[in-house]
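Q: I've got this model open and would like a close look at one part of it. Please take it slowly, and then set that part beside some other side chains.

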Amino acid sequence: MLGLRILLIQILIICSAQAAVKGNWKRHVIWNGLHNNVAVAADFTGDGKIDVISNAGSITRLFVAPEWKQFIIGNNKDHTFIHGETFDVDNDGDADFIGARYQPGLIVWFEQPNKNSTSTLWKARIAEDVIIGVHGVLKADVNNDGKLDLLANSAQPKGRFPDSAVWLEVPTNPLTADRWKRHVFAKNDAPGLSHYLGAGDLNGDGLLDITLAAKGGAQDKSGKGEWFAWWEATKDSTKTFKKHLLPGKHPGATNIMPADVNGDGKLDIIAGRGHGVGLIWFENPNWNIHDINTDLMSPHCLQVGDIDADGDIDAVTCAYVSRKAAWFENDGKGSFTTHIINNDQAAYDIRLVDMDADGDLDTLIAGQQSKNIVWFENPLRNP
């Protein structure tokens, strides 16, 4: 009898761990090798196919689709990046790469060569090297001038901008500029080891507000972390923004992204406790908290988008302690169902990208503990 009871418990544990997968998300391996924290995707070679750039072991690599042949575009012992972005920094019609180092703080942009992106190292230039604790970067048009800027945090409680966050304005000529122009939107009011950023007009005034989260925990000597918050934009975006703390105490808070979850025309906020457990969403305007998932451990990345093409906003993450990639199906009213994409994948970074140009959003993952870069093919149009 005892043996049968033990067997039933084991079966329940296995069934719980191997949660049901909705659709067959085919796994494509781009690279196996080293711990890496970031992977971004764009057509870097101009052939119409989506390529990938990642950074591991202080080497920045370009992987060219569809065979994923590897080219080293950066090799510098100081370039170990925790996060990154991609956009056309120098306005020459191709995608460049931006890498962010945590400490000492450093943001570097890599200029894609005009002739052949695979034939030489890309020229690397410093955008910012004063802020300390750059854990997240995000492209956004902060000052509404039609040009992309770069958000970044200064998460460490030291240096010229302790416990702060900034946006960086791309210079008129980034090829010759010494540094990008820094504007501090969160001045000394983002303590507790902040992580990732989001952007959107949360109060409907036509200005771009900014979201941020701080994990807190044992490494936070201030004891002021474990929060999600948003900063209300001022009419003069070069001035500091007004901070609004969101309700609750959230151990391990890391990711926070605005999105209209319930289809009422107002931007809500989807958030993840990447050094804790689970994901939630805050309902605008009173910021009531709703659960999305209550058991994934360390979902240290987040993207939002219409994954199943049904007209509402879904979400996706990969939890490095649970070692699960998962997407969260929205019913259109803010009730989410968790679907497992893969049961053996860790990540620090995740992106929703149409990797195969078939019209849906696939999932690109930089696996830090998995020591790989993979993408999972969205099957939901053809389940």
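What follows is one request about a single residue and one long answer. Where is M355 found, is M355 buried or exposed, and which residues is M355 in contact with?

A: A quick word on ground rules before the close-up. This is a predicted model, so local features need pLDDT of at least 70, side-chain atom pairs count only at pLDDT 80 or more, and totals for chains, interfaces and linings use all residues. Residues are numbered from 1 along each chain as its sequence is written, and side-chain values use heavy atoms, with hydrogens and water left out.

The predictor's confidence in each residue, pLDDT, runs from 0 to 100. Its mean over the chain is 94, with 93% of the residues reaching 70 or more. Residues 1–21 are the stretch to watch: pLDDT stays under 50 there, and the model has 12 contacts beyond four places in sequence for them. A contact here means heavy atoms within 4.5 Å. Where pLDDT is low, the predicted coordinates should not be read in detail.

Now for your residue. M355 is in the loop between β26 (349–353) and β27 (362–367); strands are DSSP runs of E, at least two residues, and helices are runs of H or I, at least four, numbered from the N terminus. Despite the loop address, M355 is buried, at a relative accessible area of 9%. The scale is this: buried is under 20% relative accessible area, exposed is over 50%, and partly exposed is in between, using a 1.4 Å probe and protein chains only. Once neighbours within four places in sequence are set aside, M355 touches I30, A41, I50, V52, W68, D362, L364 and W375. Take V52 from that list: M355 and V52 are 303 residues apart along the chain, yet their C-alpha atoms are separated by 9.5 Å.

Two other loop residues make handy companions. E226, in the loop between β15 (209–214) and β16 (227–232), is also buried, with a relative accessible area of 16%. Beyond four places in sequence, E226 is in contact with A214, K215, G216 and G217, and also with G248, K249, H250, P251 and G252. K147 goes the other way: this lysine sits in the loop between β10 (137–140) and β11 (149–154) and counts as exposed at 56% relative accessibility. With its neighbours within four places left out, K147 is in contact with A140 and D141. The C-alpha atoms of K147 and D88 are 9.9 Å apart, with the two positions 59 residues apart along the chain.

On to charged pairs. With a salt bridge taken as a side-chain nitrogen of Lys or Arg within 4 Å of a carboxyl oxygen of Asp or Glu, the count is 10. One of them joins two loops: D344 and R323 meet at 3.0 Å, N to O. D344 lies in the loop between β25 (336–342) and β26, and R323 in the loop between β23 (314–319) and β24 (324–330), so this pair ties together parts 21 residues apart in sequence. D344 is partly exposed at 49%, and R323 is partly exposed at 28%.

D178 and R179 form another salt bridge, with the closest N and O atoms 3.2 Å apart. D178 is exposed at 57% relative accessibility, while R179 is partly exposed at 31%. Along with D129, these two belong to a network of salt bridges. D264 and K266 pair up as well, at 3.4 Å from N to O; D264 is partly exposed at 33% and K266 is partly exposed at 35%.

Last, the cysteines. Taking a disulfide as a pair of cysteine sulfur atoms within 2.5 Å, the count is zero. C301 is in no disulfide, and its nearest cysteine sulfur, from C318, is 5.5 Å away. C318 is likewise in no disulfide. Both side chains are out of the way of the probe: C301 is buried at 2% relative accessible area, and C318 is buried at 0%.
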